[in-house]
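Got the model open in your viewer? Here's a short tour, one selection at a time.

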Amino acid sequence: MSLFTKLANLPSEIKQYLIVTGNYWAFTLTDGALRMLVVLHFHGLGFSPIEIAMLFLFYEIFGVVTNLVGGWLGARVGLNRTMNIGLGLQVFALSMLLVPSEWLTVVWVMAAQALSGIAKDLNKMSAKSAIKTLVPAGAEGKLYQWVAILTGSKNALKGVGFFLGGALLTVFGFQAAILIMAVALLLVWIFSVLTLKSQLGKATVKPRFTEIFSKSSTINYLSAARLFLFAARDVWFVVALPVFLASQFGWDHWYVGGFLALWVIAYGGVQSFAPHFTGKKQGKVPDGKSACLWAAVLAIIPGVIALALTFDWHSHIMLIGGLLVFGVLFAVNSSMHSYLIVSYAGKDGVSLDVGFYYMANAMGRLIGTLLSGWVFQQYGLEACLWISSVMIALAAIISTRLPQQSHS
């Protein structure tokens with residue numbers, strides 16, 4: 001039996017899961033590559049860390065708005081439409097960067113990044129919400145596994161995207177790299193429009209716009225914890241780390257892009273296998289206690305790295321090794337959070353709760369990105385790391401308010 005025949009005979013929900021996952025993978029490759037292209041290209045042009053951070057300002061701001069409104073939109077019109085809108089907007093955002101070099105002003109790039117931010121969060125919200133509609137009610141173990149696979153594979157491919165961005169910039173230059181990605185994603189968009197199920201995730205009763213804010217205290221607490229968790233990562237990872245590696249360690253584009261790519265690939269791999277680390281063998285899935293304990297352990301790592309850099313104690317080894325340990329622990333934390341929001345969300349109009357949660361995620365990324373440029377420029381990487389530790393500790397404290405009993 002051929003591969004295509006096997007795929008054709010799969011149950012409908014599996015086919016839709018594979019299409020959603022494939023869309024998410026393709027989008028993630030271009031998103032990771034674009035971020036690395038922008039950081040390295042404009043660093044090479046002499047932009048300061050805070051100026052590079054500002055290029056992503058609208059990307060993160062519009063991500064906040066998009067998740068809030070996009071969840072409501074997905075519940076009204078269907079997740080297939082919101083996912084396809086995201087893919088189409090990313091193609092347009094990439095096309096905006098194909099203008100002559102003299103047109104690539106800060107304002108123009110910020111506008112392109114704004115569209116990319118809208119596209120990314122429409123795509124992510126749609127993919128995560130779709131899983132809830134495709135898994136049978138009560139199958140918590142299966143839900144956790146599917147969410148972990150989607151989230152982990154996405155982040156692994158984002159790492160590939162980092163490497164791809166650095167490689168394309170080195171081999172083809174900025175604009176040719178952008179053109180290659182735009183054409184590839186356009187083909188994916190056409191396939192998605194033709195194959196994705198039309199009623200995916202549409203609520204039986206169309207929600208009012210006033211329902212975009214979550215009324216669940218559990219989801220509110222989880223969203224707050226997510227905000228601090230991702231702000232803690234991006235405060236040192238987005239701008240500070242790649243610029244530090246290039247300026248202090250003397251790494252070129254290949255080394256910076258390649259190293260960050262390998263880190264994110266490994267991070268995604270750990271996310272995919274997170275269920276094996278957090279109780280699957282005992283038939284358990286994560287709860288609030290799990291989220292609190294894993295965050296508390298993670299909070300220690302950035303502080304240890306900061307101390308090593310401050311006292312110049314094996315700086316290279318401690319930074320690289322600490323980053324790897326941070327990646328493993330952060331991956332488990334992130335995977336548990338991704339499962340918990342899908343589990344807590346209501347099945348009818350699931351994208352409302354998921355959209356609100358990822359709005360908090362985007363807000364955390366926005367805060368982390370801005371602090372990454374400003375704090376690094378003013379006080380250095382060590383300060384970014386200390387802020388990271390404090391934010392993760394706050395996420396752990398907030399997680400104590402989540403339900404403390406695991407489902408079997």
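**First stop: the small cavity**

Keep in mind that this is a predicted model. Start with α2, which supplies the largest share of the lining of the second largest cavity, 3 residues. This cavity has a volume of about 30 Å³. Now select D31, L34, R35, F56, Y59, Q113 and S116, the residues that line the second largest cavity. Two elements, α2 and α6, each give two or more residues to that lining. Sorted by class, the lining of the second largest cavity has 3 nonpolar, 2 polar and 2 charged residues.

**Next: the largest cavity**

Stay on α2 (12–44), since α2 also gives the most to the lining of the largest cavity, 7 residues. The space in there comes to about 370 Å³. Show K154, N155, K158, R233 and R365: of the 32 lining residues, these are the closest to the centre of the largest cavity. Other helices that supply at least two lining residues each include α7 (140–172), α9 (217–237) and α15 (315–344). By class, you'll find 14 nonpolar, 7 polar and 11 charged residues around the largest cavity.

**Then: M363**

Move to α16 (residues 350–379) and pick M363. Is M363 buried or partly exposed? It's partly exposed, with a relative accessible area of 28%. Leaving aside residues up to four places away in sequence, M363 touches V64 and L227. Add N67 too: it sits 296 residues from M363 in sequence, and 10.0 Å from it, C-alpha to C-alpha.

**Last: zoom out**

Colour the chain by secondary structure and you get 17 helices and 0 strands. Of the 408 residues, 58% are buried.

Methods:
Residues numbered from 1 in each chain as written. Predicted model: local features only at pLDDT ≥ 70, side-chain atom pairs only at ≥ 80, totals over all residues. Heavy atoms only, no water. Helix = DSSP H or I, 4+ residues; strand = E, 2+ residues; numbered from the N terminus. Buried < 20%, exposed > 50% of the residue type's maximum accessible area, 1.4 Å probe, protein only. Contact = heavy atoms within 4.5 Å. 1 Å grid on protein atoms, 1.4 Å probe; cavity = no way out; pocket = protein on both sides within 12 Å on 5 of 7 lines; lining within 4 Å. Points joined across faces, edges and corners; volume = space filled by probe spheres on them. Nonpolar A, V, L, I, M, F, W, Y, C, P; charged D, E, K, R; others polar.
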